[in-house]
Amino acid sequence: MTDLAETAAGAGIELPESWQEVLADEAGKPYFAELAAFLAGERAEHQVFPPAGQEFSALAATPYDKVRVLVLGQDPYHDDGQAHGMSFSVLPGTKTPPSLRNIFKELDADLGIPAPDNGYLMHWAEQGVLLLNAVLTVRAHEANSHKAKGWEKFTDAVIKAVSDRAEPVVFVLWGNYAKKKLPLIDTSRHVVVQGAHPSPLSAKLFFGSRPFSQINSALEEFGTEAIDWRIPNLKA
């Protein structure tokens, strides 16, 4: 196990194997040890989402060498039973949050794919869609409570590592916060799809942006298969 994996494990989190080598340089940086200590303290005194062990669910679901699309979120869902470590996604049986409902509305308008009966986006992740949040944990019911504690430095390193890959990737930056990450991406080799955030606060600008057809067009130009954006329904 690398130093980074050991440090993460010390905080009760385990970095997926496929990402350990490309993120190894983060191990010796002071911020990561401070982040691990902060997270351990938070979990000891507060309820933290996602549950322990799920912080790196997105990286586990989409190995480094399989990433074809990176969708950047900001902060995990902070209400009970929602966050499970993948941006915008919720586990089966959980009510679909407003931002994800808007994503499904645009998916229907863009590609004619009706909204599923659940918000579990694993089908996307398994096809190479990395559903990454910029901040990977949050205190229950307190949005942005783990902002500026070190996660942003770590996820910046994830974005940079994906940008450094030889194979082209589509980066999806929704909202002003995500767009600030543009300098981390080598736009001479990768495609960036930008637009408004699907939050109800900016949904009017998000609707009509057709991000899914843009992503698939870029993938086809890369010579790779388009993403099948259909989410399997849980009910027959």
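How many aromatic pairs does a search of the whole structure find?

## Aromatic pairs overall

In this predicted model, the search of the whole structure yields 13 aromatic pairs. A pair of aromatic rings is described by the distance of the centres and the angle of the planes.

## The pair F88 and W174

The ring centres of F88 and W174 are 5.7 Å apart, and the planes meet at 70°. Since planes over 60 degrees apart count as edge-to-face, the pair is assigned to that class.

This contact links distant parts of the chain, with the two positions 86 residues apart in numbering. F88 belongs to the loop between strand 2 (69-73) and helix 5 (98-111), whereas W174 is in strand 5 (residues 170-174). F88 has a relative accessibility of 9% and therefore counts as buried. W174, with a relative accessible area of 5%, is buried as well.

## The pair F206 and F207

For F206 and F207, the ring centres lie 6.2 Å apart and the planes are at 55°, so this pair is tilted. F206 is buried, at 0% relative accessibility. F207, by contrast, has a relative accessibility of 34% and so counts as partly exposed; the buried class requires a value under 20%.

## Ring cluster and a charge over a ring

Some rings are joined through several residues. Y31, F32, F56, W151 and F154 form a cluster linked by ring pairs.

An aromatic ring also has a charged partner in the case of Y64: R165 lies over the face of the Y64 ring, at 5.8 Å from its centre.

Note on methods. Residues numbered from 1 in each chain as written. Predicted model: local features only at pLDDT ≥ 70, side-chain atom pairs only at ≥ 80, totals over all residues. Heavy atoms only, no water. Phe/Tyr/Trp six-rings, centres within 6.5 Å; stacked < 30°, edge-to-face > 60°. Helix = DSSP H or I, 4+ residues; strand = E, 2+ residues; numbered from the N terminus. Buried < 20%, exposed > 50% of the residue type's maximum accessible area, 1.4 Å probe, protein only. Lys NZ or Arg CZ within 6 Å of the ring centre and 35° of its normal.
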